[in-house]
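Please work through the exercises below with the sequence and the model open beside you. Each task is followed by a solution that goes step by step.

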Amino acid sequence: MRLKGLFWILTTLLLTILAVVTYYVFYTSSIRMFFAVEALVLLTIIYLFVFYRRIIKPLHIIGNGMELLKEQDFSSRLGKVGQTEADRVVDVFNKMMEQLKNERLHLREQNHFLDLLVNASPMGVIILNLDEEILSMNPAACKLFGAQSSEDMVGKRFLQLDSPLAEELVRVPMYQAQTVRLNDANIYKCTHSSFVDRGFHHPFYLIETLTQEVFKAEKKAYEKVIRMISHEVNNTTAGITSTLDTLESTFSGMEDMEDVCEVLRVSIERCYSMSHFITNFADVVRIPEPQSRPQALNQVVSACKRFMETVCQNRNIEIVMDLSEESPVVNLDNSLFEQVLVNIIKNAAESIDRDGKIYIRTTVRPTCLEIADTGKGIDKETETKLFSPFFSTKPNGQGIGLIFIREVLLKHDCRFSLRSYADGLTRFKIWFS
């Protein structure tokens with residue numbers, strides 16, 4: 001029971017007792033004593049009223065203020081009671097409430113601005129709860145994980161997601177940053193840190209995409225090297241080939257010079273091979289801008305399948321088509337994209353070597369092309385290097401096939417991924433925007 005109620009109960013009991021005692025003791029014996037005691041009771045009532053105004057009412061008002069604080073109602077204010085000490089407390093309380101209201105409003109404005117900033121940021125932001133489950137993700141992070149919205153990801157752990165990026169995030173130590181390169185040729189700087197909320201440390205991740213910056217730096221570097229090497233090698237081989245042709249023509253008319261002519265022919269072939277080798281590198285830096293037009297993806301894939309069937313049949317490799325009934329229509333440069341498909345299918349066939357299957361599948365929602373093979377697969381270490389300049393898993397490979405694929409697909413604004421899955425298939429997936 002509140003202090004105000006206790007005061008009025010005590011007052012009522014006290015006055016009742018005084019009235020009863022006065023009536024039975026003094027009224028029957030002395031009228032004067034009766035009225036004297038009644039006057040004393042009246043003075044007691046006046047004193048209790050003043051006591052209530054001075055002590056109980058200020059305490060009651062301050063108690064109401066505590067209730068406002070408890071309910072976090074910072075917009076209400078306490079009224080003055082006409083008592084100097086109590087009014088000073090009321091003034092201090094009202095000033096405190098005004099300050100709390102302003103601080104709360106300022107905090108809400110800051111939080112709203114922070115939410116807008118996080119949602120508009122090109123950097124992925126992922127916040128986890130204390131159980132290391134995803135609490136929230138901004139749109140940039142959702143895009144990195146291929147999710148339509150953050151609600152699809154909330155409540156999940158990283159290891160529950162079928163994503164190479166999630167696997168890499170788990171390996172980033174707390175309060176450290178690492179740069180990771182994935183099997184989709186993308187490069188990310190991942191930072192693992194935490195912030196304090198209500199006394200608890202909540203972990204979060206920042207994911208910054210470095211792909212375009214790294215690709216530009218790589219391309220600028222290898223373009224310069226390739227142009228320099230191509231210029232020097234082609235000029236040198238041209239002069240050597242011309243000289244060797246002249247010597248072969250001269251020696252071919254002489255007796256007992258067959259061995260010499262054979263050596264010269266081999267040297268000429270090696271010069272041509274070297275020139276072709278360098279030309280392949282030069283072609284990577286001269287990829288034209290795509291002349292994109294709407295194309296039926298199923299028809300493009302079918303035409304490429306017919307072109308590659310002979311190569312696959314010689315290795316006893318079956319190409320299995322699983323095309324969507326409604327052919328996806330995509331904007332692409334037919335010539336460049338066919339070269340991409342030829343390279344992908346060729347790599348799949350070389351991974352299988354002999355006796356296997358290549359599966360080609362298209363879907364409309366999302367618009368995706370998938371080429372899977374039953375080859376030997378790709379290990380985790382190799383996955384991160386696949387789209388690096390001039391990296392190859394083949395003994396005599398030049399490492400330009402995947403670079404060509406990467407450059408063409410990026411020019412088409414496509415997302416792509418190359419990795420081996422638990423079912424034993426290695427899938428090259430291409431998503432169209």
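## Exercise 1: Cys414 and Ser417

Cys414 has a relative accessible area of 6% and is therefore buried. In this predicted model, decide where Ser417 lies and whether this residue is buried or exposed.

Solution. Begin with the secondary structure, in which Ser417 belongs to strand β11, spanning residues 415–420. Next take the relative accessible area of Ser417, which is 9%; because buried means under 20%, Ser417 is buried. Finally list its neighbours, leaving out residues up to four places away in sequence: Ser417 touches Asn183 and Asp184, and also Arg427, Phe428, Lys429 and Trp431.

## Exercise 2: Helix α11

Determine how many residues of helix α11 are buried, and describe the phi of Asp413.

Solution. Helix α11 covers residues 401–411, and eight of these 11 residues are buried, so the helix is largely enclosed by the rest of the structure. The buried residues are Leu402, Ile403, Phe404, Ile405, Arg406, Glu407, Val408 and Leu409. Just after the helix, Asp413 adopts a positive phi of about 60°.

## Exercise 3: Packing of α8 and α9

Classify the packing of helix α8 against helix α9 by angle and handedness, and state which residues make the contact.

Solution. First, helix α8 (residues 297–314) and helix α9 (residues 334–352) pack at an angle of about 45°, with their axes 10 Å apart. That angle makes α8 oblique to α9, and the crossing of the two helices is right-handed. From α8 the contact is made by Leu297, Val300, Val301, Ala303, Cys304, Phe307, Met308 and Cys312, while α9 contributes Asn334, Phe337, Glu338, Leu341, Val342, Ile345 and Lys346. Sorted by type, the residues of this contact divide into 12 nonpolar, one polar and two charged.

## Exercise 4: Cys312 and disulfides

Explain why Cys312 is not bonded to Cys304, and state how many disulfides the structure holds.

Solution. The closest cysteine sulfur to that of Cys312 is in Cys304, at 9.5 Å, which is too far for a bond, given that a disulfide requires sulfur atoms within 2.5 Å. The count for the structure is accordingly stated as zero disulfides. Cys312 has 1% relative accessibility and therefore counts as buried.

## Exercise 5: The chain overall

Summarise the secondary structure of the chain, its burial and its contacts.

Solution. The secondary structure comes to 11 helices and 12 strands. Of the 433 residues in the chain, 36% are buried. Among contacts between residues at least 6 apart in sequence, 57% join residues at least 24 apart.

Key. Residues numbered from 1 in each chain as written. Predicted model: local features only at pLDDT ≥ 70, side-chain atom pairs only at ≥ 80, totals over all residues. Heavy atoms only, no water. Buried < 20%, exposed > 50% of the residue type's maximum accessible area, 1.4 Å probe, protein only. Helix = DSSP H or I, 4+ residues; strand = E, 2+ residues; numbered from the N terminus. Axes fitted to C-alpha atoms, helices over the stretch in contact; angles between N-to-C directions. Parallel < 35°, antiparallel > 145°, perpendicular 65-115°, else oblique. Left-handed = near helix turned anticlockwise from the far one by under 90°. Contact = heavy atoms within 4.5 Å. Nonpolar A, V, L, I, M, F, W, Y, C, P; charged D, E, K, R; others polar.
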